[in-house]
Amino acid sequence: MKKLFCSCLLIVLFTSLSAQQSTYFPERNATWEVKSPKDFKFDDNSLQQAVQFAKENEYSGSRDLRIAILKGFEREPFHEILGPTKKRGGPAGMILKSGYLVASWGDVKRVDMTFSVTKSFLSTVAGLALDYGLIKDVSDKVSQYVWDGSFDGEHNSKINWEHLLQQNSDWSGTLWGGKDWADRPPREGGLDDWKFRKLNEPGTVMEYNDVRVNLLAYSLTQVWRKSLPAVLKENLMDKIGASTTWRWFGYENAWTVIDGVEVKSVTGGGHSGGGIFINTEDMARFGLLFLNDGKWKGKELISKSWISKATTPSKPNPNYGYLWWLNTEGDDIWKAGPILCSTQPDSGVILLL
């Protein structure tokens, strides 16, 4: 996990139980209130060293993320860019304590791609569906809600919402032209081995895979009966005072019909373009909401029970919850670090809680 520091966008949030009652929540378009590191007994020298490290260790790939994506997936057959991309800026970040800004660097208002950090927003949209009763339980089979054939068959019919959220469904099929095995297939073997592999029982093996995450986004679009960006904006981003500059994109061909209206189904990552494009300040607001158990200025926007579920280690991978990376086991964990991370080192985005 040490490689995660190679970032162009970094938000670190600290809190303590005693500080939660006095957390600062910035108004929309407000100048973020600054506190001195001394106010929180931070060692200023150590803090500046951390900031300097972040500045000097950005992702080494091309700032033209279209080029970086094509390079990163050059060994994959049939890979192509299907959604928007954007050239990224230089290193930028914020360090918050109890909501107050104690350090920042770079252009924190610049909008950049976030790649797989999009997954944590997608997870949140699923949580809202649970909170609002659109989905009864994560153990429900997805085929109870999406009956268009996407979850037909002996294997796919076993898949429930939790399997999709933990990336251990091993769903088999094709979505928006992407084949289930096509997102970083095994180094061993070739096309026939990947296409005709033995399927793993849902819930037993984790595989990080944008195709199946995009399937979750499509399935949630069917449940919400509207676009997921609209759901996120109305139920969360507007309420935490986010700017109007963030975007959530899908592939060019990712359209579905909802109640007679064409709706774009968005992506949960950027391996073929798309995903959430957002600035550092808006990402910090999102992190601050989770840091405060889903409450913003005392009002619950997403339930504490969902956050607990989303950050519970999964059996196949104890460092992964519901599309959130965790910091629980292994040689690379930060023993004095955060327990919750939403990360994408390839684009240089890391959100630490």
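In the hairpin formed by S7 and S8, 2 residues lie between the strands, and Asp-259 takes a positive phi near 50°. The model is predicted, and this turn is one of several places in it where the backbone takes a positive phi. The strands on either side of the turn, S7 (residues 247–258) and S8 (residues 261–266), run antiparallel and are joined by 5 bridges. Within that ladder, Trp-255 has Lys-264 of S8 as its bridge partner.

The hairpin is part of a wider sheet. Four strands are arranged in the order S4-S9-S7-S8, in an open sheet of 4 strands with antiparallel pairing. Its edge strands are S4 (112–113) and S8, each of which pairs on one side only. At the S4 end, 2 bridges join S4 to S9 (residues 275–278), and these two strands also run antiparallel. Asp-112 is matched there with Ile-278, its bridge partner in S9.

A second hairpin is found earlier in the chain, between S2 and S3. Strand S2 (residues 92–97) and strand S3 (residues 100–105) pair in the antiparallel sense over 5 bridges. Leu-96 stands opposite Leu-101 in S3. This hairpin has 2 residues between the strands, and Ser-98 takes a positive phi near 55° in it.

Is S2 mostly covered or mostly open? Strand S2 is mostly covered, with 6 of its 6 residues buried. On one side of S2 point Ala-92, Met-94 and Leu-96, while Gly-93, Ile-95 and Lys-97 point the other way; all of them are buried. The list of buried residues thus includes a lysine, Lys-97.

The helices can be approached through H3. Helix H3 covers residues 118–131, and at 1.5 Å a residue its 14 residues should span 20 Å; the end C-alpha atoms are 20 Å apart, so expectation and model agree. Of the 14 residues in H3, 13 are buried, and the helix is mostly covered. Just after H3, Gly-133 takes a positive phi of about 80°.

What does H3 pack against? One partner is H6 (residues 210–224): the two helices pack at an angle of about 30°, with their axes 11 Å apart. Angles under 35 degrees count as roughly parallel, and H3 is therefore roughly parallel to H6. The contact is made on the H3 side by Lys-119, Leu-122, Val-125, Ala-126, Leu-128 and Ala-129, and on the H6 side by Asp-210, Val-213, Leu-216, Ala-217, Leu-220 and Trp-224. An α-helix has 3.6 residues a turn, so residues three or four places apart point the same way. The crossing of H3 past H6 is left-handed.

Another partner of H3 is H7 (residues 228–237), which packs against H3 at an angle of about 75°, with the axes 10 Å apart. Angles from 65 to 115 degrees count as roughly perpendicular, and H3 and H7 are therefore roughly perpendicular to each other. From H3, the residues Phe-121, Leu-122, Thr-124, Val-125 and Leu-128 meet Leu-228, Val-231, Leu-232, Asn-235, Leu-236 and Met-237 in H7. Leu-122, Val-125 and Leu-128 of H3 appear in the contact with H6 and also in the contact with H7.

Three loop residues remain to be placed. Lys-41 lies in the loop between strand S1 (9–14) and helix H1 (44–56). Its phi is near 60°, a positive value in a residue other than glycine. Is Lys-41 buried or exposed? Lys-41 has a relative accessible area of 79%, and because exposed means over 50%, Lys-41 is exposed.

Asp-170 also has a positive phi in a residue other than glycine, near 50°. Asp-170 is in the loop between helix H4 (161–166) and strand S5 (174–175). With 5% relative accessibility, Asp-170 counts as buried, since the limit for buried is under 20%.

Asp-293 sits in the loop between helix H8 (280–291) and strand S10 (295–296). At 26% relative accessibility, Asp-293 counts as partly exposed. The C-alpha atoms of Asp-293 and Ser-308 are separated by 8.7 Å, and these residues are 15 apart along the chain.

For the chain as a whole, the secondary structure comes to 9 helices and 14 strands. Of its 353 residues, 54% are buried. Among contacts with a separation of 6 or more, 71% are between residues 24 or more positions apart.

How values were computed:
Residues numbered from 1 in each chain as written. Predicted model: local features only at pLDDT ≥ 70, side-chain atom pairs only at ≥ 80, totals over all residues. Heavy atoms only, no water. Expected span 1.5 Å × (residues − 1). Buried < 20%, exposed > 50% of the residue type's maximum accessible area, 1.4 Å probe, protein only. Pairing = 2+ DSSP bridges. Axes fitted to C-alpha atoms, helices over the stretch in contact; angles between N-to-C directions. Parallel < 35°, antiparallel > 145°, perpendicular 65-115°, else oblique. Left-handed = near helix turned anticlockwise from the far one by under 90°. Contact = heavy atoms within 4.5 Å.
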